[in-house]
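Work through the following exercises with the sequence and the coordinates side by side. Each task is followed by a solution that proceeds step by step.

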Amino acid sequence: MTLTTVRIASILLGGCLAASAFSAPVFAIGDNNSTMPTCKKGEIYDQKTKKCVKQQSANVSDENRTDYAYSLAKDGRYEEALAMLDTVKDQNTAEVLNYRGYATRKLGRTDEGISYYLKSVKMDPQYAKVREYLGEAYVIKGQLDLARDQLNTIKAICGTNCEEYQDLNAAILDPSKI
């Protein structure tokens, strides 16, 4: 290599490193496959202002509260997730019931979680995420036939390439993945 080639390569490499050092993570908000940032206890992430605000003074929507509860649960903060769900005005949505089921199941209360999942399924039978979590609860209970029923339903909803199908299939094949 010539000295000029080395210099150009060094400049390009340095530019790439600088660009990656100054880039910030991007959080997709509003769907079941993503999570938003979590804040310290007593705060909630406000999707409009894109920052953590005090929970009591927050004027955020039920959808924002529901999404944030799911983020807390995915972060292992199950009790906080349940407390956040308690602040949602409309408790009777498929998402609230699903996330309540997820948090209670993760706390070891699998039967209680299943009861929330079943209510969610009644509200929205085409909601693949609740089908995945219900199937995982059945795997935990050793009811693989019921888990496979959920897997087949997910296949009819979104095929075999969707995340819900792949995650539940992996849990059925290897329950330690739950």
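**Exercise 1. Determine whether Tyr-117 is buried or exposed, and list what its atoms touch.**

Step 1. Tyr-117 has a relative accessibility of 0%, and therefore counts as buried, where buried means under 20% relative accessible area, exposed over 50% and partly exposed in between, computed with a 1.4 Å probe on protein chains only. The model is a predicted one, in which local features need pLDDT of at least 70 and side-chain atom pairs count only at pLDDT 80 or more, whereas totals for chains, interfaces and linings use all residues. Residues are numbered from 1 along each chain as its sequence is written, and side-chain values use heavy atoms, with hydrogens and water left out.

Step 2. Leaving aside residues up to four places away in sequence, Tyr-117 touches Asn-98, Gly-101, Tyr-102, Arg-105, Val-130, Tyr-133, Leu-134 and Ala-137, a contact being heavy atoms within 4.5 Å.

Step 3. Turn to one of these partners, Asn-98, which is found in helix H4; helices (H or I, at least four residues) and strands (E, at least two) are DSSP runs, numbered from the N terminus. Asn-98 is buried, with a relative accessible area of 0%, and, with residues up to four places away in sequence again not counted, it touches Tyr-117, Ser-120, Tyr-127, Lys-129, Val-130 and Tyr-133.

**Exercise 2. Find how many aromatic pairs there are, and classify the pair of Tyr-70 and Tyr-99 and that of Tyr-117 and Tyr-133.**

Step 1. Apply the ring criterion: rings of Phe, Tyr and Trp (its six-membered ring) pair if their centres lie within 6.5 Å, and planes under 30 degrees apart count as stacked, over 60 as edge-to-face and the rest as tilted. The count by this rule is 4 aromatic pairs.

Step 2. For Tyr-70 and Tyr-99 the ring centres are 4.3 Å apart and the planes stand at 20°, so this pair is stacked. It links distant parts of the chain, since Tyr-70 belongs to helix H2 and Tyr-99 to helix H4, 29 residues apart, and both tyrosines are buried.

Step 3. For Tyr-117 and Tyr-133 the values are 6.4 Å centre to centre and 40° between the planes, which makes the pair tilted. Because Tyr-117 lies in helix H5 (residues 110–123) and Tyr-133 in helix H6 (residues 128–140), the pair ties together parts that are 16 residues apart in sequence. Tyr-133 is buried as well, with a relative accessible area of 2%.

Step 4. Collecting the rings, one finds that Tyr-70, Tyr-99, Tyr-102, Tyr-117 and Tyr-133 form one aromatic cluster.

**Exercise 3. Identify which residues of the largest nonpolar core touch the most other members, and which element gives the most to it.**

Step 1. A nonpolar core is a set of buried Ala, Val, Leu, Ile, Met, Phe, Trp, Tyr and Cys residues joined through side-chain atoms within 4.5 Å. The largest one has 39 residues, of which Tyr-68 and Tyr-117 touch the most other members.

Step 2. At least two residues of this core come from each of E1, H2, H3, H4, H5, H6, helix H7 (144–158) and helix H8 (163–173). The greatest contribution to this core is that of H6, with 6 residues.

**Exercise 4. Describe how the buried residues of helix H3 are arranged, and what they pack against.**

Step 1. In H3 (residues 78–86) the buried residues are Tyr-78, Ala-81, Leu-82, Met-84 and Leu-85. They cover an arc of only 160° around the axis, and therefore lie on the same side of H3, the arc being that of the directions from the helix axis to the C-beta atoms.

Step 2. The face turned away from this buried side carries the exposed residues Glu-79 and Asp-86. The buried residues of H3 pack against strand E1 (43–46), helix H2 (62–74) and helix H4 (94–106).

**Exercise 5. Locate the disulfide, and state the accessibility of its two cysteines.**

Step 1. A disulfide is a covalent bond between the sulfur atoms of two cysteines, and the criterion applied here is a pair of cysteine sulfur atoms within 2.5 Å. The count by this rule is 1 disulfide.

Step 2. Cys-158 and Cys-162 form a disulfide, with their sulfur atoms 2.1 Å apart. Cys-158 counts as partly exposed at 33% relative accessibility, whereas Cys-162 counts as buried at 13%.
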